[in-house]
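Here is a short tour of one protein chain and its ligand. Look over the sequence and the 3D view before reading on.

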Amino acid sequence: MLRLDDVSKVYRAGAFGGRELRAVSGVSFDVNAGEVVSLIGESGSGKSTLGRMILRLTPVSSGAITFDGTDIRALRSPKAYYRQVQGVFQDPFSCYNPVFKADRVFAMIKDEYFPRVAAAEWRERVEGALRGVRLDPGQVLGRYPHQLSGGQLQRMLIARAVLLDIRLLVADEIISMLDASTRIDVLNLLADLRAGGLGILFVTHDLSLGTYVSDRTVVLRHGSVVETGPTDLVFANPLHPYTRSLLAAVPRLHARWDEEEADPGETPCPYHGSPEGARTRPGLAEAEPGHFAACSGCAEGAGAPRKLAKEKA
Ligand SMILES: Nc1ncnc2c1ncn2[C@@H]1O[C@H](COP(=O)(O)OP(=O)(O)OP(=O)(O)O)[C@@H](O)[C@H]1O
């Protein structure tokens, strides 16, 4: 379905755009129907830039993004693309105009995509989509954004995507602003949508959320993929020092916080520890079936699952 092939993004930065900032470097991965792929990395690693390129909100500098084999740059009708691919972002409030009622987001897609659907039928569809995201239509329709919670607004945006019957959802930090119980609701909702065949790119800086929800994981650092594979393999046997340090930063029950640090015997990745190294050794090495790391040194380290923190006795 969606494929990224050696995708890079260079921004013009500095006064008068005289400086280049390489936000994404040679990234390749795919997202298939009925699959959740987590894109994980710290702030500034290029996650949102990738999401924005997939949504055609910013152009690709080099490489290609294809959807069903067609380069998305070559699409004659972006409208048809957006019928199948939609994004939901971190801050739901920013997607609503406070002057209008929140359900205007549904009216807008009706005008754009379904102008011939009769009002009564549209109302039924909207209510069905709202129930599908576990919202009570009576409680959310006709209300202004400030009268609804962040979780309700976020789920309305997902309902909007569902109404379009999309095939791929780019979910960019969609639960960062939600409280714990609402987070679980939205994650379970994503799992339901995946079961219905939706492909989801789940962008997050939070490794624990990635584990909960995804089939495959792509770990991004400084714009490059340092490790990727089935989520259970990446988490049971993290190969790259960066993945290990991200994992070590996740607090766990029965482990003391001050013991949650990377193995002191760890050596940095010889190829991606520095920008020079990254240039000398591009690409990923396969350590075990489907599990890749950014250098053969990391990949050769595959073996028994590593213990990252001493468990408290
Ligand atoms: N429009 C832009 N112009 C110039 N530089 C940009 C632009 N957008 C992003 N960047 C830079 O590109 C790099 C990657 O940014 P990006 O927003 O993709 O990272 P991110 O991993 O999504 O971070 P966060 O989790 O904080 O949102 C950063 O150094 C950022 O400053």
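## A helix under cover

A residue is buried if 20 or more other C-beta atoms lie within 10 Å of its own. The model shown here is predicted. Keep that cut-off in mind for helix α10, which spans residues 241–248. Six of its eight residues are buried, so by this cut-off the helix is mostly covered.

Which residues of α10 are buried? They are Pro 241, Tyr 242, Thr 243, Arg 244, Leu 246 and Leu 247. Several elements help to cover them. Two strands in the cover are β9 (216–221) and β10 (224–230). Strand β3 (36–40) is also part of the cover. Helices take part too, including α8 (207–213) and α9 (231–236).

## The whole chain

Now step back to the full chain. The protein chain has 313 residues, and 39% of them count as buried. Its secondary structure comes to 12 helices and 12 strands.

Contacts also reach along the sequence. Take the contacts between residues at least 6 apart in sequence. Of these, 67% join residues at least 24 apart.

## Two domains and their border

The domain assignment gives two parts: domain 1 covers 2–234, and domain 2 covers 235–313. Where they touch, 18 residues of domain 1 are in contact with 21 residues of domain 2. On the domain 1 side, α8, β9, β10 and α9 each supply at least two residues. Strand β10 gives the most, with seven residues.

What classes of residue make up this side of domain 1? Eight are nonpolar, seven are polar and three are charged. Some of these elements have appeared before: α8, β9, β10 and α9 are also among those that cover the buried residues of α10.

## Around the ligand

The ligand has 13 residues around it. The closest are Tyr 11, Ala 23, Ser 43, Ser 48 and Thr 49. Three elements give two or more residues to this shell: β1 (2–13), β2 (19–31) and α1 (47–54). Helix α1 gives the most, with three residues.

The shell has eight polar residues, four nonpolar residues and one charged residue.

## Two helices side by side

Next, find helix α6 (residues 150–163) and helix α7 (residues 180–195). They pack at an angle of about 10°, and their axes are 11 Å apart. Why is this pair called roughly parallel? Angles under 35 degrees count as roughly parallel, so α6 is roughly parallel to α7.

From α6, the contact uses Gly 151, Gln 154, Arg 155 and Ile 158. From α7, it uses Thr 182, Asp 185, Val 186 and Leu 189. An α-helix has 3.6 residues a turn, so residues three or four places apart point the same way. By class, the contact of α6 with α7 has three nonpolar, three polar and two charged residues.

## Two positive phi angles

Backbone angles pick out two residues. Asp 6 lies in strand β1. Its phi is near 55°, a positive value in a residue other than glycine. Asp 6 has 13 C-beta neighbours inside 10 Å, so it counts as partly exposed.

Glu 173 sits in the loop between β7 (168–172) and α7. Its phi is also positive, at about 55°, although Glu 173 is not a glycine. Is Glu 173 buried or partly exposed? With 19 C-beta neighbours inside 10 Å, Glu 173 counts as partly exposed.

## Two residues and their contacts

Thr 231 is placed in helix α9. It counts as partly exposed because it has 19 C-beta neighbours inside 10 Å. Beyond neighbours within four places in sequence, Thr 231 is in contact with Ser 38, Gly 210, Thr 211, Ser 214, Asp 215, Arg 216 and Thr 217. Asp 103 is 128 residues from Thr 231 along the chain, and their C-alpha atoms are separated by 36 Å.

Glu 35 is found in the loop between β2 and β3. With 19 C-beta neighbours inside 10 Å, Glu 35 counts as partly exposed. Leaving aside neighbours within four places in sequence, its contacts are Gly 199, Asp 215 and Arg 216. How far apart in space are Glu 35 and Leu 201? They are 8.4 Å apart, C-alpha to C-alpha, and 166 residues apart in sequence.

Terms used
Residues numbered from 1 in each chain as written. Predicted model: local features only at pLDDT ≥ 70, side-chain atom pairs only at ≥ 80, totals over all residues. Axes fitted to C-alpha atoms, helices over the stretch in contact; angles between N-to-C directions. Helix = DSSP H or I, 4+ residues; strand = E, 2+ residues; numbered from the N terminus. Parallel < 35°, antiparallel > 145°, perpendicular 65-115°, else oblique. Contact = placed C-beta atoms within 7 Å. Nonpolar A, V, L, I, M, F, W, Y, C, P; charged D, E, K, R; others polar. Buried ≥ 20, exposed ≤ 12 C-beta atoms within 10 Å, placed from the backbone. Near = placed C-beta within 6 Å. Domains from an automatic or database assignment.
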